[in-house]
Amino acid sequence: MHPSIAVRGAIARLGLRRYPLGLTYELTWLCNLACSYCDRHVPMRHELGRDQIFAALAEFYDMGMRDVSLDGGEPLAHRHVDEIVEWLVCRRIPVAMNTNGILVRRKLETVRKLALVKISLDGPRAEHDAARGAGSFDHAVDGARAARAAGVRVEFTCTIGRHNVHALEDVLDVAEPLGAPVVFQPALNSLFQGSDRDGSAWQVDGAAVRAALARVETMKRRGRSVGNGWSSLRHFRSVLSTVVVRLAHTPTPSSMSRGV
Ligand SMILES: C[S@@+](CC[C@H](N)C(=O)[O-])C[C@H]1O[C@@H](n2cnc3c(N)ncnc32)[C@H](O)[C@@H]1O
Ligand code: SF4
């Protein structure tokens with residue numbers, strides 16, 4: 001955590017001054033899917049209980065919490081999700097949610113209170129189901145339709161990996177008739193910092209991911225429904241080129257022995 005954030009947090013905690021906080025809350029790591037490239041679908045050992053959740057939310061609210069993004073695991077699978085969303089919207093806190101879409105229709109009364117629902121869409125049916133499991137594409141599309149019909153803003157999130165790097169244009173072909181933009185992001189080795197998990201089998205290598213994001217930029221320029229802002233695309237471009245420059249300068253054992 002950046003020191004200035006820690007200081008501002010401490011000031012807000014002491015009640016000296018409220019700060020506009022955007023809270024991303026991983027409600028649970030429990031999930032109803034087990035996508036190949038994801039390592040956040042095993043329940044946490046000590047998930048917060050109901051009272052702890054509301055105590056924590058109240059504390060953030062008092063500190064100046066301005067908006068909340070619920071993530072997971074699968075947030076709609078959490079046993080207190082209805083109450084949590086209700087608690088937040090009663091306090092006029094806009095709530096966004098990442099979901100795989102499976103429970104959207106069943107949880108429509110809660111979903112209709114959201115300011116934004118972000119549904120994962122990794123491709124047309126074959127590519128999506130290859131990573132996310134048979135039937136999950138139909139659920140994602142059905143979830144998007146149900147949320148849109150309930151008047152909720154929908155956005156798709158597409159994680160780019162080996163399963164779909166060839167099909168990014170097709171993701172837009174699915175999303176556009178549903179009236180929802182697609183935000184693209186490259187698959188990471190792990191969703192946890194410092195993890196020793198090796199997720200490289202699902203990632204595309206540096207050159208291929210740069211080429212994929214260049215295609216995304218081209219699609220955006222052509223007016224297709226790419227939800228990434230230009231700043232986020234520029235960020236990807238600079239981060240990915242930094243990674244490549246670093247790799248290019250990583251000393252090899254032979255260069256080290258030559259003193260290079
Ligand atoms: C962890 S999921 C939680 C919300 C919900 N279960 C879903 O699938 O949208 C949130 C987002 O993280 C993405 N994700 C999962 N594993 C990832 C990885 N290794 N690298 C980058 N994104 C990943 C998913 O594709 C999804 O869009
Ligand atoms: S990406 Fe989402 S739906 Fe898939 S396993 Fe991870 S948490 Fe579950």
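**Exercise 1. Determine which residue in E2 stands opposite Leu 23, and place the pair in the strand arrangement.**

Step 1. Leu 23 has Val 68 of E2 opposite it. Helices (H or I, at least four residues) and strands (E, at least two) are DSSP runs, numbered from the N terminus. The model is predicted: local features need pLDDT of at least 70, side-chain atom pairs count only at pLDDT 80 or more, and totals for chains, interfaces and linings use all residues. Residues are numbered from 1 along each chain as its sequence is written, while chains are lettered from A and ligands numbered from 1 in the order in which they are written.

Step 2. Strand E1 (residues 21-26) and strand E2 (residues 65-71) run parallel and are joined by 6 bridges; two strands pair if DSSP finds at least two bridges between them. Leu 21 stands opposite Met 65 in E2.

Step 3. Val 68 also has a bridge partner in E3, namely Val 95. E2 and E3 pair in the parallel sense over 3 bridges.

**Exercise 2. State the order of the strands in the open sheet and identify the edge strands.**

Step 1. The 6 strands of the open sheet follow the order E1-E2-E3-E4-E5-E6, with parallel pairing.

Step 2. E1 and strand E6 (182-186) are the edge strands, each pairing on one side only.

Step 3. From one strand to the next, the twist averages 20°. Axes are lines fitted to C-alpha atoms, for helices over the stretch in contact, and angles run from 0 to 180 degrees between N-to-C directions.

Step 4. Strand E4 (residues 116-120) is joined to E5 by 4 bridges, and the two run parallel. Here Ile 119 stands opposite Phe 156 in E5.

**Exercise 3. Describe the handedness of the β-α-β units that E2 forms with E1 and with E3, and the loop features around H3.**

Step 1. E1, helix H2 (residues 50-63) and E2 make a right-handed unit. A crossover is right-handed if, with the strands pointing away from the viewer, the path from the first strand over the helix to the second runs clockwise.

Step 2. The β-α-β unit of E2, helix H3 (residues 81-90) and E3 is right-handed.

Step 3. The loop between E2 and H3 holds Gly 73, which a cis peptide bond joins to Gly 72, with omega about 25°.

Step 4. Arg 92, in the loop between H3 and E3, has a phi near 60°, a positive value in a residue other than glycine.

**Exercise 4. Characterise the packing of H5 with H6 and of H7 with H8.**

Step 1. Two packed helices are described by the angle between their axes and the distance between the axes. Helix H5 (residues 125-132) and helix H6 (residues 136-149) pack at about 110°, with axes 8 Å apart. H5 and H6 are therefore roughly perpendicular; angles under 35 degrees count as roughly parallel, over 145 as roughly antiparallel, 65 to 115 as roughly perpendicular and the rest as oblique.

Step 2. Arg 125, His 128, Asp 129 and Arg 132 in H5 meet Ser 136, Phe 137 and Ala 140 in H6 (contact: C-beta atoms, placed from the backbone, within 7 Å). This contact has 2 nonpolar, 2 polar and 3 charged residues. Ala, Val, Leu, Ile, Met, Phe, Trp, Tyr, Cys and Pro count as nonpolar, Asp, Glu, Lys and Arg as charged, and the others, Gly among them, as polar.

Step 3. H7 and helix H8 (residues 206-221) pack at about 40°, their axes 10 Å apart, which makes H7 oblique to H8. Leu 168, Glu 169 and Leu 172 of H7 contact Ala 212, Arg 215, Val 216 and Met 219 of H8. By class, there are 5 nonpolar, no polar and 2 charged residues in the contact of H7 with H8.

Step 4. Helix H7 (residues 168-175) also lies across E5 and E6, running at about 155° to E6.

**Exercise 5. Analyse the shells around ligand 1 and ligand 2.**

Step 1. Of the 18 residues around ligand 1, Cys 38, Asn 98, Ser 120, Thr 159 and Leu 188 come nearest. A residue is near a molecule or strand if its C-beta atom, placed from the backbone, lies within 6 Å of it.

Step 2. Strand E3 (95-99) and strand E5 (154-160) each supply at least two residues of the ligand 1 shell, which divides into 6 nonpolar, 9 polar and 3 charged residues.

Step 3. The residues surrounding ligand 2 include Cys 38, Gly 72, Gly 73 and Arg 132. The shell around ligand 2 has 5 nonpolar, 4 polar and 3 charged residues.

Methods. Contact = placed C-beta atoms within 7 Å.
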